[in-house]
Amino acid sequence: MDIDARTLRTFREVTLTGSFTQAARRLGYSQSSVTAQMRALERQVGEPVFERLPNGVRLTRTGAVLCDYARQILTLVGEMEAALRRPAANPPRMTVGVVPALAYGQQLARLTHIGRRLLSGAQLALRVMGTGEIHDAFRAGSIDGALVLTAADADDQLAALPGALADPLRPERPDELTEVRLQEVEFAPVIGVAARHRGPAAGRQVVIADPDCPSQRWLPEFLRLRSDGPPEIHELGSMAGVRAAAQSGLGCAMLPMALAASPREAGGLRPLPGVPRMRWNASMLSVRGDDRPALDWENLAETLRQATALACAGSLDEEPEGTPAVSALGPDPDFAG
């Protein structure tokens, strides 16, 4: 069996997206090229590696076995290319800005842990900075990439909301930057279990981490459009601070699901009545035409994708009508070591 690295990279992208079309878009290939590569791969393997579905594909049992080996092979290929390209004693640094909404403690630990494995030829340096600071950092050349939140493809929930919400949730991206969408992250509107207000008054105060982030701008705007005036906003600069403030009863907040899961003894959080959950894309931004090897960007994108996929875990049970508020949340899940 003679499967080349290019075919394995295409196979990996199809497994990550679940779609030949999406894989082709991310790799810059035509869909027919991806289809032809995967057919040739299945001929070499001797049996199907994908099960065709109405809305995409999924791995067969044979495909799952191949996927595990492909990941190992591509990691080794990356290490070989990095070792041949530059001295191992002086690895280059990839500095990545991370917005506060995706930069709480467990998430930063996941990024570092996964990056150490996938970016073996480079040193990953994380910098937590506000969404508004990201573009300034790119212009100054102080970061190579950024992990940010952008509007999701599916705007079904958005369509049900007032039109005035559309513009604040779609910040413009400068032409010199390119965006790779990695993973949808769900956010939940929450308030402390012990908060005094339970009805519309619960939204009179909002706690946020980053005033330019769409996930943090959305809740104050939603509440403004459904009341007589804007809510009072408390800006704390970190998601850990936002969660602690919401638990203490300072105000409501929009938190990623993994972070919304908090221990009962910490005070607990419950859903904010009458406000829907929302999804945003975790996306990687980089400078268009950057001269770094393509493999560096592929491995960085994969690092960020895997970390944000783990960050999607968490549950928040709806509070039954007319019953006392209780903490329905569990602790933040551990990352695999």
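This note goes through some aromatic pairs, a helix and two cysteines in a predicted model.

1. On aromatic pairs in general, it helps to recall that a pair of aromatic rings is described by the distance of the centres and the angle of the planes. In this model the count of aromatic pairs comes to four. One of them is formed by Phe20 and Phe50, whose rings are edge-to-face, with 5.8 Å from centre to centre and 75° between the planes. Because Phe20 belongs to helix 2 (residues 20-27) and Phe50 to strand 1 (residues 50-53), this pair ties together parts that are 30 residues apart in sequence.

2. Are the two partners of that pair buried or exposed? Phe20 has a relative accessible area of 11% and is therefore buried, and Phe50, at 3% relative accessibility, counts as buried as well. Phe20 and Phe50 also belong to one aromatic cluster together with Phe11.

3. Phe187 and Trp280 form another edge-to-face pair, with centres 5.5 Å apart and an angle of 85° between the planes. This pair links distant parts of the chain, since Phe187 lies in strand 6 (residues 177-192) and Trp280 in strand 11 (residues 278-287), 93 residues apart. Both Phe187 and Trp280 are buried.

4. Charged side chains also meet aromatic rings in this model, and two cases can be looked up in the structure. Arg6 lies over the face of Tyr29, at 4.9 Å from the ring centre, while the charged end of Arg226 sits over the ring of Phe222, 4.6 Å from the centre of that ring.

5. Helix 2 deserves a closer look, and its buried residues are Phe20, Ala23 and Ala24. Because these residues cover an arc of only 100° around the axis, they are on the same side of helix 2. The general background is that an α-helix has 3.6 residues a turn, so residues three or four places apart point the same way. What covers the buried residues of helix 2 includes helix 1 (5-17), helix 3 (31-45), strand 1 and strand 2 (56-59).

6. The two ends of helix 2 can be described as well. At the N-terminal end, Ser19 caps the helix, with a side-chain oxygen 3.2 Å from the backbone nitrogen of Thr21, and just after helix 2 Gly28 takes a positive phi of about 80°.

7. How many disulfides does the model contain? The count comes to zero. As for individual cysteines, Cys67 counts as buried at 13% relative accessibility, and Cys213 is buried with a relative accessible area of 1%.

Methods: Residues are numbered from 1 along each chain as its sequence is written. This is a predicted model: local features need pLDDT of at least 70, side-chain atom pairs count only at pLDDT 80 or more; totals for chains, interfaces and linings use all residues. Side-chain values use heavy atoms; hydrogens and water are left out. Rings of Phe, Tyr and Trp (its six-membered ring) pair if their centres lie within 6.5 Å; planes under 30 degrees apart count as stacked, over 60 as edge-to-face and the rest as tilted. Helices (H or I, at least four residues) and strands (E, at least two) are DSSP runs, numbered from the N terminus. Buried means under 20% relative accessible area, exposed over 50%, partly exposed in between (1.4 Å probe, protein chains only). A charge sits over a ring if NZ of Lys or CZ of Arg is within 6 Å of the ring centre and within 35 degrees of the ring normal. A disulfide is a pair of cysteine sulfur atoms within 2.5 Å. The arc is that of the directions from the helix axis to the C-beta atoms. Contact means heavy atoms within 4.5 Å. A polar contact is a pair of N or O atoms within 3.5 Å; within protein, one must be able to donate a hydrogen and the other to accept it, and residues adjacent in sequence count only if both atoms are side-chain atoms.
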